[in-house]
Amino acid sequence: MRDGVINKVAEFIELLIATRNAGKVRELRKLLEDLPLRLRDLSEWPEIAEVEEAGATFEKNAALKARGYADQTGLLALADDSGLEVAALGNAPGVLSARYAGPLASDAERITRLLVELEATGNVERRARFVCVIALARPGIEQVEIFAGTCEGHISSEPRGYGGFGYDPVFVPDGYTQTFGELSPEIKRQVSHRAHALAKARGFLSEQLPDMA
Ligand code: IMP
């Protein structure tokens with residue numbers, strides 16, 4: 001793969017979904033499926049080095065991941081850095097959402113910690129928002145494109161539903177009474193933070209794809 005050249009296979013530009021989070025891969029694949037792209041993901045590159053999320057912001061971490069994986073694979077790379085901001089917890093867990101109950105904890109353990117921390121604040125203020133920042137990096141091109149989306153809602157009193165991933169069973173988006181764990185994937189695709197960020201990234205890709213082809 002030469003620097004500055006976007007990989008093309010049989011007319012389609014290849015786009016790497018640069019995450020090992022299976023829930024994110026599932027949602028991003030579905031949100032991108034109608035674009036003329038050959039979608040790939042990191043499960044095809046088990047050996048490449050994990051890009052450390054060393055930044056203090058979603059933007060910085062998304063850019064680090066997109067840049068790191070574009071450079072390692074030679075592909076146009078799309079990275080997602082996302083998390084949950086809970087008002088009563090000073091916007092924690094935020095960028096640390098994936099590691100909130102320790103590096104080896106499960107989604108269930110992270111949810112338990114969240115509910116315990118909220119309980120300790122008196123359980124009055126339950127406002128929360130999901131944040132997603134999508135970064136697109138092209139091999140050999142320094143500039144990284146950044147697109148952000150949010151989804152406002154609140155934290156339910158206990159986990160409900162088995163859909164989605166991560167904190168979905170305790171997040172109720174505004175306008176609904178069910179959690180993302182209970183709502184259908186179609187609804188989440190319409191209202192989520194990821195959907196909003198990706199709608200902007202799709203606009204950029206649609207404009208740029210003809211020039212890349
Ligand atoms: P990171 O972007 O790899 O730092 O991880 C983001 C973490 O935020 C995930 O591991 C989840 O715990 C949480 N998260 C991000 N997006 C969602 C979502 O759509 N639903 C539920 N949890 C999410």
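**Exercise 1. Sort the shell around the ligand by residue class and by its source in the fold.**

Start with the classes: the shell divides into 4 nonpolar, 6 polar and 8 charged residues. This is a predicted model. In total, 18 residues surround the ligand. Next, pick out the closest: Lys24, Glu53, Asp168, Lys188 and Arg194. Then turn to secondary structure. β4 (76-86) and α5 (193-212) each supply at least two shell residues. The largest share, 4 residues, comes from β4.

**Exercise 2. Find polar atoms that face the ligand, then state how much of the ligand is buried.**

Take the ligand oxygen atoms. One lies 3.2 Å from a polar side-chain atom of Asp81. For Ser82, the partner is a polar backbone atom, 3.0 Å from an oxygen atom of the ligand. Now take nitrogen. A ligand nitrogen atom is 2.7 Å from an N or O atom in the side chain of Asp168. Finish with area: the ligand alone exposes 490 Å², and the protein buries 94% of that. The space the ligand takes is the largest pocket.

**Exercise 3. Describe the fold, and test the chain against the rule for a compact globule.**

Count the elements: the chain has 5 helices and 8 strands. Read them in sequence order: β-β-α-β-α-β-β-α-β-β-β-α-α. Next, the extent. The C-alpha trace spans about 55 × 30 × 25 Å along its principal axes. Last, the test. A compact globule of 213 residues would have a radius of gyration near 17 Å. The chain has 18 Å, so the value agrees with the rule.

Technical notes. Residues numbered from 1 in each chain as written. Predicted model: local features only at pLDDT ≥ 70, side-chain atom pairs only at ≥ 80, totals over all residues. Heavy atoms only, no water. Near = heavy atom within 4 Å. Polar contact = N/O pair within 3.5 Å; in protein donor to acceptor, adjacent residues only side chain to side chain. Areas by Shrake-Rupley, 256 points an atom, 1.4 Å probe, with all protein chains shown as cover. 1 Å grid on protein atoms, 1.4 Å probe; cavity = no way out; pocket = protein on both sides within 12 Å on 5 of 7 lines; lining within 4 Å. Sits in = over half its atoms within 2 Å of the grid points. Nonpolar A, V, L, I, M, F, W, Y, C, P; charged D, E, K, R; others polar. Rg over C-alpha atoms; globule rule 2.2 N^0.38 Å.
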